[in-house]
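The following exercises are to be worked through with the sequence and the three-dimensional model in view. Each task is followed by a solution in steps.

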Amino acid sequence: MAPPPRKAFPLRLDPALYAAIERAAAGDLRSVNAEVECLLREALARRGVKLEAPAPVKRGRPAREEEDGDAG
């Protein structure tokens, strides 16, 4: 099953701001994109804007499908 579609758009940032976001992302073990999304969600929550929870990302190897009669 494919993940839900994401909206892509160009974003121009001051280099110092980008560097700060990049450091924060590294500290949280996230990509810069994920960090920006997290920061935006937090800012909107502080303003009282309600959003749906993001769809969880499935991580790891997919379960192996066994064929009929396959004992492993």
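**Exercise 1. The nonpolar surface patch**

Task: In this predicted model, determine which residues make the nonpolar surface patch of about 480 Å², and establish whether F9 is buried or exposed.

Solution.
Step 1. The patch is formed by F9, L11, L13, L17 and Y18.
Step 2. F9 is located in the segment before α1.
Step 3. A residue counts as exposed when its relative accessible area is over 50%. F9 has a relative accessible area of 56%, so F9 is exposed.

**Exercise 2. Helix α1 and its ends**

Task: Compare the length of helix α1 with the span expected at 1.5 Å a residue, then examine what occurs at the start of α1 and just after α1.

Solution.
Step 1. Helix α1 comprises residues 15-27, which is 13 residues.
Step 2. From the first C-alpha to the last, α1 reaches 18 Å, close to the expected 18 Å.
Step 3. At the start of the helix, a side-chain oxygen of D14 comes to within 2.9 Å of the backbone nitrogen of A16.
Step 4. Just after α1, L29 adopts a positive phi of about 55 degrees.

**Exercise 3. The two sides of helix α2**

Task: Identify the buried residues of α2 and decide how they are arranged around the helix axis.

Solution.
Step 1. The 15 residues of α2 should span 21 Å at 1.5 Å a residue, and the end C-alpha atoms are indeed 21 Å apart.
Step 2. V32, E35, V36 and C38 are the buried residues of α2.
Step 3. These residues cover an arc of only 165 degrees around the axis, and therefore they lie on the same side of α2.
Step 4. A general rule helps here: an α-helix has 3.6 residues a turn, so residues three or four places apart point the same way.
Step 5. N33, L40 and A45 are exposed on the other side of α2.

**Exercise 4. Salt bridges**

Task: State how many salt bridges a search of the whole structure finds, and describe the pairs formed by E37 with R6 and by R30 with D28 and E35.

Solution.
Step 1. Side chains of opposite charge can pair when their charged atoms come close.
Step 2. The search finds four salt bridges.
Step 3. In the pair of E37 and R6, the closest N and O atoms are 2.4 Å apart. This pair links distant parts of the chain, with E37 in helix α2 (residues 32-46) and R6 in the segment before α1, 31 residues apart.
Step 4. E37 is partly exposed at a relative accessible area of 23%, whereas R6 is exposed at 59%.
Step 5. R30 meets D28 in a salt bridge at 3.2 Å, N to O. R30 is partly exposed, with 36% relative accessibility, and D28 is partly exposed, with 42%.
Step 6. R30 also forms a salt bridge with E35, where the closest N and O atoms are 3.1 Å apart. E35 has a relative accessible area of 3%; this value is under 20%, so E35 is buried.
Step 7. Salt bridges with shared partners join R6, E37 and R41 into one network.

**Exercise 5. The chain as a whole**

Task: Describe which helices and strands the protein chain contains and how much of the chain is buried.

Solution.
Step 1. The protein chain has two helices and zero strands.
Step 2. Of its 72 residues, 8% count as buried.
Step 3. The protein chain exposes about 7,200 Å², of which carbon and sulfur atoms supply 56%.

Conventions:
Residues are numbered from 1 along each chain as its sequence is written. This is a predicted model: local features need pLDDT of at least 70, side-chain atom pairs count only at pLDDT 80 or more; totals for chains, interfaces and linings use all residues. Side-chain values use heavy atoms; hydrogens and water are left out. Helices (H or I, at least four residues) and strands (E, at least two) are DSSP runs, numbered from the N terminus. The expected span of a helix is 1.5 Å times one less than its number of residues. A polar contact is a pair of N or O atoms within 3.5 Å; within protein, one must be able to donate a hydrogen and the other to accept it, and residues adjacent in sequence count only if both atoms are side-chain atoms. A salt bridge is a side-chain nitrogen of Lys or Arg within 4 Å of a carboxyl oxygen of Asp or Glu. Buried means under 20% relative accessible area, exposed over 50%, partly exposed in between (1.4 Å probe, protein chains only). Patches are made of residues with over 30% relative accessible area and no salt bridge: like charges are joined within 9 Å, nonpolar side chains (Val, Leu, Ile, Met, Phe, Trp, Tyr) within 5 Å. Accessible areas come from the Shrake-Rupley method with a 1.4 Å probe; for residues, only the protein chains shown count as cover. The arc is that of the directions from the helix axis to the C-beta atoms.
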